[in-house]
Amino acid sequence: MIENTKENIKVLIADDEIEFSSTLQTRLNLRKFQTVMANSGEETLRAVEEEEPDVLLLDLKMPDLDGLEVLARLKEEHADIKVIILTGHGSFEVGREGMELGAFDYIMKPVDLTILIAKIEEAYASR
Amino acid sequence: MNKKTNITDKILPSSLKISIEHGFNRRSYGQFRMILFFIMLTITAVPVMTIAMLGYSNYKSLLQKDEHIQLKWQLDGSVRAIEQMVDSLKSVVQFAARRDRYAELTTGNNLRQLFERLHRQYPFFADLGVIDQQGVQQAYYGPYDLQDTDYSGESWFKAVYDQGLHISRVYRGYRLVPHFAIAVSNIDPETRQKWVLRATIDAETLQRFVNTIKTNASDDLFLIDDESVLQTRSDYFGTTLSKFSEEVEMGIWEDISPQGETILHGIGNIRATPWSLVILKKGYMNQSDWLSFRSRLFLIVFACMAVSVVVIYSLVTLITSLIRKADEIQMGMMQEAEHTDKLASIGRLASGVAHEINNPLAIINQKTGLIDDLLHISSDFDQKETVLLSLKSIDASVERCKAITHRLLGFARRTEVLFAHFSVNEIIKEVLQFLENSMLYNRIKLDLQLQNEIPQIFSDHIQLQQIFLNIINNAIDAIGKDGTITIISNLIAGEVRIVIQDDGVGIPEEVLPHIFEPFFTTKETGKGTGLGLSITYGLIKKLGGDITVRSNVGKGTAFTITLPINCEQK
């Protein structure tokens, strides 16, 4: 694996909790990741079109579109994008449903950044 | 419909209603039993009593009627017999007083000879007298000197003068011996004068005759005259010439004796005499037919009732105990359902709360992470170490919260079950591998009594691991250091039973009912979430099993887990 992988990884953080997503963005930026933010489901789909991220950190509970719906739509057109479900609202069933819809993994908030980064890199590597 | 329910509600005592209607208040089984007993007894007793009473009164009136008829027959027969006797006496006297014999009888020894002839045939004749038209006794033969006595003023003389025949009442007369007289009048064809032949007869004759017709069918039989004076002896009213009664009514009638007995009277007039025949008979009440019928009836009714009481009592006891059992089962099921419901709703609430807390927790987590990141790239300042320590402490607290919320979600997650066939003993051994170190460290011995013949069960591997892990962990905590954990598995009634037993501190009795409730913990703050056993309970129920606990403070605790071999997911 190449040393400067992080700079090549573009992460889209989809979460309606701006306090959470912005802080996570700053911290990932500090670790040299490329990051994009989306605050709703629609915004997420748009950002995927425009920014073509490598990894999507997807919250399940968003005001307009449910995370699982976003996942379902992405599966049709952007099957190559790696999705990590990152949510506080999940349950085991929802997680499993997400996995069936093609999500790479399922992580429950709050999550240790080291673990999260490991997962992101793992997802990126599995492309 | 509603109204009807209300009426029955008012009538029925609470003990007869369904137990749910009055909540968990226990019905009064004593009252229930009494009511049931009396209702059944009434239903049984009423027909028996009614039939017994009908039989009693019908038989009584039948006997009464029969007895009246029999007495009437007896009376008629006896009256006829006495009338025949009187007729024959009358004929004798009439024969002796042939009309043309006046002159013959008033002269010489002729009257004496007639008397002696009569006396030979009929020894009861006491004397004979011939009286002329003026009432003067012209001839007399007998033990007294009654020659020339004037009877013209006597009522009997007038009666015989007018009617040709007179039979007197019994009287004492000059001889002071009870007797009666038969007088016959005739017209002498020569003188065209009336004359009277009068014969006196001892009352004893009457008595003897009455004795011959007296049978066992009557209790007393005697003659009275038209003034109610006894003409023969009575067993009840004294000797001849005693007074019988003030009023005499002809026919058959009943009276109550001074002793309280019913006495039947049959009284019939005897033709051409001043006499009436009286027959007394004790009422049917005192007859053996009636007495034996009555005692048999009472015996049958009493036996029926005694048998009914015994049978009803045992039936009612049986029914009451069955209902009590049914109530207890129902009550137990309701309590169980309530308990499960309570645990489920607490579980739902807990997972809702956990979800909501996860997001702010994630923000705190990210913010402290960011501060930490920034501190590491910024230059040193005065209190930098203190700030870093504080951040660590915040992180630790967030970890604690995370542990709680994640476990809560695990608790809510128990709908997720993956089924496969495997051996329970293997799972127990797997779990023990995890705990080996901790047991070794605490010097806890293990006593494994796993039965090999247990069939594989169809259940959820991961969930079962968690169940055994939780309970064995609890056992280790309960022992602390130095002790034994015994694990027994066996097959009982088609189910797998696993007993996990420790010789630790035990659970106090007041704590025992709460141990399966979420957030209930006796461990120090921060050491336990109070979710372990509630999750375990939820999982076992999910797998169609059951868990029970027995504990003695200071002696230890035993959890018994029962699992079906083929678990139907609930």
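**Exercise 1. Describe how helices α2(B) and α6(B) pass each other, and name the residues that bring them into contact.**

Solution. In this predicted model, helix α2(B) passes helix α6(B) in a right-handed crossing. To place the two elements, note that α2 covers residues 29–96 of chain B and α6 covers residues 203–213 of chain B, and that they pack at an angle of about 145 degrees with their axes 11 Å apart. The next step is to list the contact itself, to which α2(B) contributes Ser78(B), Ala81(B), Ile82(B) and Met85(B), while α6(B) contributes Leu206(B), Phe209(B) and Ile213(B). Sorted by class, the residues of this contact are 6 nonpolar and 1 polar, with no charged residue.

**Exercise 2. Decide which orientation helices α9(B) and α10(B) have towards each other, and describe their contact.**

Solution. Begin with the geometry: the axes of α9 (residues 424–441) and α10 (residues 461–479), both of chain B, come within 9 Å and cross at roughly 40 degrees. Angles under 35 degrees would count as roughly parallel and those of 65 to 115 as roughly perpendicular, and α9(B) and α10(B) are therefore oblique to each other. The handedness comes next, and here α9(B) passes α10(B) in a right-handed crossing. On the α9(B) side the contact includes Val424(B), Ile427(B), Val431(B), Phe434(B) and Leu435(B), and among the partners on α10(B) are His461(B), Leu464(B), Phe468(B), Leu469(B) and Ile472(B). Taken by class, the contact of α9(B) with α10(B) has 13 nonpolar, 4 polar and 1 charged residues.

**Exercise 3. Find the salt bridge that joins Asp225(B) to another side chain, and work out where its two ends lie and how far each is covered.**

Solution. The partner of Asp225(B) is Arg169(B), and their side chains meet in a salt bridge of 3.8 Å, N to O. Tracing each end, Asp225(B) sits in the loop between β6 (220–224) and β7 (251–256) of chain B, whereas Arg169(B) sits in the loop between β3 (165–167) and β4 (179–187) of chain B, so that the pair links distant parts of the chain, 56 residues apart. For the cover, Asp225(B) has 5% relative accessibility and therefore counts as buried, while Arg169(B), at a relative accessible area of 34%, is partly exposed. A last step widens the view, since Arg169(B), Asp225(B), Asp226(B) and Glu227(B) are linked in a network of salt bridges.

**Exercise 4. Describe the salt bridges of Asp220(B) and of Asp482(B), stating for each aspartate whether it is buried or partly exposed.**

Solution. Take Asp220(B) to begin with: its side chain meets that of Lys214(B) in a salt bridge of 4.0 Å, N to O. Asp220(B) is buried, with a relative accessible area of 0%, whereas Lys214(B), at 27% relative accessibility, counts as partly exposed. Turning to Asp482(B), its side chain meets that of Arg443(B) at 2.9 Å, N to O. Asp482(B) lies in the loop between α10 and β13 (483–492) and Arg443(B) in the loop between α9 and β11 (444–450), both of chain B, so the pair ties together parts that are 39 residues apart in sequence. Asp482(B) counts as partly exposed, at 47% relative accessibility.

**Exercise 5. State how many residues of helix α11(B) are buried, and what follows the helix.**

Solution. Helix α11(B), residues 532–542, is mostly covered, with 10 of its 11 residues buried. Among them are Leu533(B), Ile535(B), Tyr537(B), Leu539(B) and Lys542(B). Just after this helix, Gly544(B) takes a positive phi of about 80 degrees.

Terms used
Residues numbered from 1 in each chain as written. Chains lettered and ligands numbered in written order. Predicted model: local features only at pLDDT ≥ 70, side-chain atom pairs only at ≥ 80, totals over all residues. Heavy atoms only, no water. Axes fitted to C-alpha atoms, helices over the stretch in contact; angles between N-to-C directions. Helix = DSSP H or I, 4+ residues; strand = E, 2+ residues; numbered from the N terminus. Parallel < 35°, antiparallel > 145°, perpendicular 65-115°, else oblique. Left-handed = near helix turned anticlockwise from the far one by under 90°. Contact = heavy atoms within 4.5 Å. Nonpolar A, V, L, I, M, F, W, Y, C, P; charged D, E, K, R; others polar. Buried < 20%, exposed > 50% of the residue type's maximum accessible area, 1.4 Å probe, protein only.
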